[in-house]
Every structure is written in structure tokens, then in C-alpha cells.
Amino acid sequence: MANKNLTNAKRAQNDEFYTQYIDIQKEIEAYLEYDPDTFKGKVVYSNCDDPFESNFFRYFVLNFKRLGLKQLITTSYKPSPVANTQLKLFGDNKTLKPVKGRPKVTANKFIINEVGDVDGDGAFNLSDIAEQLKANKNNEWTPLKENGDFRSKECIDLLKQSDIAVTNPPFSLFREYVQQLFDYKKNFLIIGSINCISYKEVFQRIKKNEIWLGNGMGRWISGFIVPKSYDLYGTEARIDENGDRIVSTNSCLWLTNLDHGRRHQPLFLMTMADNKRFNRKILKKENSYKKYDNYDAIEIPYTDAIPSDYDGIMGVPITFLDKYNPEQFEILGQMVTTKIDEFNFGYPYVNGKKIYARILIKNKKATK
Ligand SMILES: C[S@@+](CC[C@H](N)C(=O)[O-])C[C@H]1O[C@@H](n2cnc3c(N)ncnc32)[C@H](O)[C@@H]1O
């Protein structure tokens, strides 16, 4: 069993978790609710996305007009194990020649400038795009010269032309991916794992309010599609009605610098005295509100136990970020791992006992 888990963990590192359409839709709708013009007139670039496979491509093509997009750019990655193998997108389109065996693997660039009902069936769908791409009218489908690596010059040039990068990048290159977005000063909406938060490259920007969480944590992303070669494991692994193999995880989240309503909602807080009287979870935790041995801050075991009347530094669980409102709180640092740097002060201890990872915050609106 232990061995099996290890193999699965290794496979998970393969970066082959594909995002479900419903999860993309649910997240993007939340930005539109806050500002219907979030994507209006924008060039969106999905730079880790095989258009034959990616639901990011699918979502943005199918919602191109509704979002008011100016352009959608998508590039695939040549070494990807699914490159050109799962021709779902054009699967129903009889006008395209069926591919015999495994097609020649190349990295492709798709540029969509226009969508519309061209096949005359009265509805716009992906077969219209296939049709338009085939005729190359206003839209472009060309092989890339390089391999489609998001760090390649060709892809960086496309990034420069774009406004918002939206994708689920390979987790193993997450640091580099984020750094590149900042090097080119791009807006973004990307999927990462909860562990990414503590990476210095990410955390320092969360602290400066240059990156924040999207609209949910935990089970907000309902699952990922995995390739056929992937062992379905875990109680929540399933095959859905489309035949897609889905694995669920509670450790992935959206990271963005696009504004949304959730981060402006204030967290309702009670005083410390009231928490001690009425918050039952607090009563069970003997370390609540105690000072850490190794940092001048108090321990808050649950986000809902943050006192309204404490103006000093507090250590809160990482899940606090899901409720973080920058008008209400300030982030000062983190206490995670033993790798200490200017943002991370090592694991917190209370009375010699190690506590879980914490984020250090201050309540800007503390009332005495
Ligand atoms: C986590 S998967 C997500 C795929 C797709 N974005 C989605 O959400 O369905 C990451 C993808 O990035 C591709 N990839 C891996 N390394 C890459 C690189 N250096 N540049 C561009 N894409 C890469 C992988 O082949 C894989 O398809």
C-alpha cells in the first residue's frame, strides 16, 4: 500500500491534471459577477494548454462573445503525453480527415479572433471553430517552431501580446511560471496547490497584495481529469458521465491578481472575551491566544476565532487566506517549514510544542 501511494504520488508529479469545464466556469463567473467587463477587450493566453484537450480553450472559445474577448491564444507543449492524441475537439467533425494512428506530435499555436455560427446549424459550437480553423479565416492554427515551453521565446512573445494568462500550469514549474508572469507584468488566473502559497516567490506577493486567492479553497475545485494511464485511487476517484476519469483533491486552489467580490467581504469577528465564552472550538484548544515561544504573536487555531479587539500580531491557519480581506487585515509573514527567510520565521511553538503552519496577520480595524 505504502508503495502504491508512493507510485501515485510520483505520478501526480507528472503534471497531468486537466481542469474540468465546470470548475473553470464557476471561477470565472465569480469575477464577472463582480465586474462583468473583467475580460472585455482582453487578450487571454492559455500557455500550458493543448487545445485538443484543454477546457480552458473550450471555455474561452464557447464564451468568447459573452466575455467580450478580443483574442484567445492557446499553445500546446510538444512533450506532453496527450499532445495531439485526444482529438476530442474535432472528434465529431466529419470535414476533417481522420488521423490514422498516433498523429505527428508538434506543439501548436491557436489564435482565435472571431467566433460565429459558420456551419449553419444555428448554434455556435466547437465544430464551427474547427471549420474556421481549417479554412484559416481570421483565426490561426499553426505549428510552433519551438516546443511550446511557456519559457520559450516564441511563447514569451505571445505572452507579451496578451493581457491575462489563464491556465493550470505544471506544478513542478510553478515558481518559474509565476515569476514569468511578474517579469512581464501580466494579469493572471491560475491553478496551484496549497503548498505553493508558502513558496517565497508566491508568499511575498500575497503579503504585498500582488497575488491573492480566487474564490474558494478546499473542495471549490471539484476534481481534475487524469489521463487513461493514471491509476484511479482514493475514495473520490470516479469516471464521469462523459467517460472522463476524475480525481478529487482538496489541496488545489486558484491564484490571481484579478479583483473579485469575495476578498472585499469583511470577516465577522467577536471579541476575545466572547470567543472564550461562546466559541466552543476555542475552549477545546488549550493553546488558544497564548504567545508563541519563538515569535511575539498569539496563537489563533481557527480563522473564526480571530478576536475583533486584539491589535497585536496573530498566527492564523493558512486557510485564513480564503477569508482574507486586505482592507481588514495586514499579512506580516508566515511560520511554516524550517527554511527560514525574511518572510518565514520557522514553525511556531507554544510551551515547547510545535503548532501547525501559521500566517502572521494584524487586524487593521481592531477595536478596544
Ligand atoms: C496540470 S496540466 C494542465 C493542463 C491544462 N492547462 C488544463 O488545465 O487542463 C499542465 C500542462 O502543462 C504542460 N506542460 C508541462 N511543462 C510545460 C512547459 N514547460 N511549458 C508549457 N506547458 C508545459 C503539460 O504537458 C500539461 O499539459
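Q: In this predicted model, what percentage of the residues of the protein chain count as buried?
A: Let's start with the whole chain, which has 368 residues. A residue is buried if 20 or more other C-beta atoms lie within 10 Å of its own. By that cut-off, the share that counts as buried is 36%.

Q: How many helices and strands does the protein chain have?
A: Both kinds of element are present in the protein chain. The helices come to 10, and the strands to 18.

Q: Is Phe-171 buried, partly exposed or exposed?
A: To find Phe-171, look in the loop between β6 (164–167) and α7 (174–183). Being buried takes 20 or more other C-beta atoms within 10 Å, and being exposed takes 12 or fewer. Phe-171 has 18, so Phe-171 is partly exposed.

Q: Which residues does Phe-171 touch, not counting residues up to four places away in sequence?
A: A useful clue is Glu-16, which is 155 residues from Phe-171 along the chain, yet their C-alpha atoms are separated by 9.3 Å. Leaving out residues up to four places away in sequence, Phe-171 touches Asp-15 and Ser-193.

Q: Why are the buried residues of α7 on the same side of the helix?
A: The buried residues in α7 are Phe-174, Tyr-177, Val-178, Gln-180 and Leu-181. An α-helix has 3.6 residues a turn, so residues three or four places apart point the same way. Those of α7 lie on the same side because they cover an arc around the axis of only 160°.

Q: Which elements do the buried residues of α7 pack against?
A: Think of the buried residues, such as Phe-174 and Leu-181. The elements that the buried residues of α7 pack against are β6, β7 (187–193) and α8 (200–207).

Technical notes
Residues numbered from 1 in each chain as written. Predicted model: local features only at pLDDT ≥ 70, side-chain atom pairs only at ≥ 80, totals over all residues. Helix = DSSP H or I, 4+ residues; strand = E, 2+ residues; numbered from the N terminus. Contact = placed C-beta atoms within 7 Å. Arc of directions from axis to C-beta.
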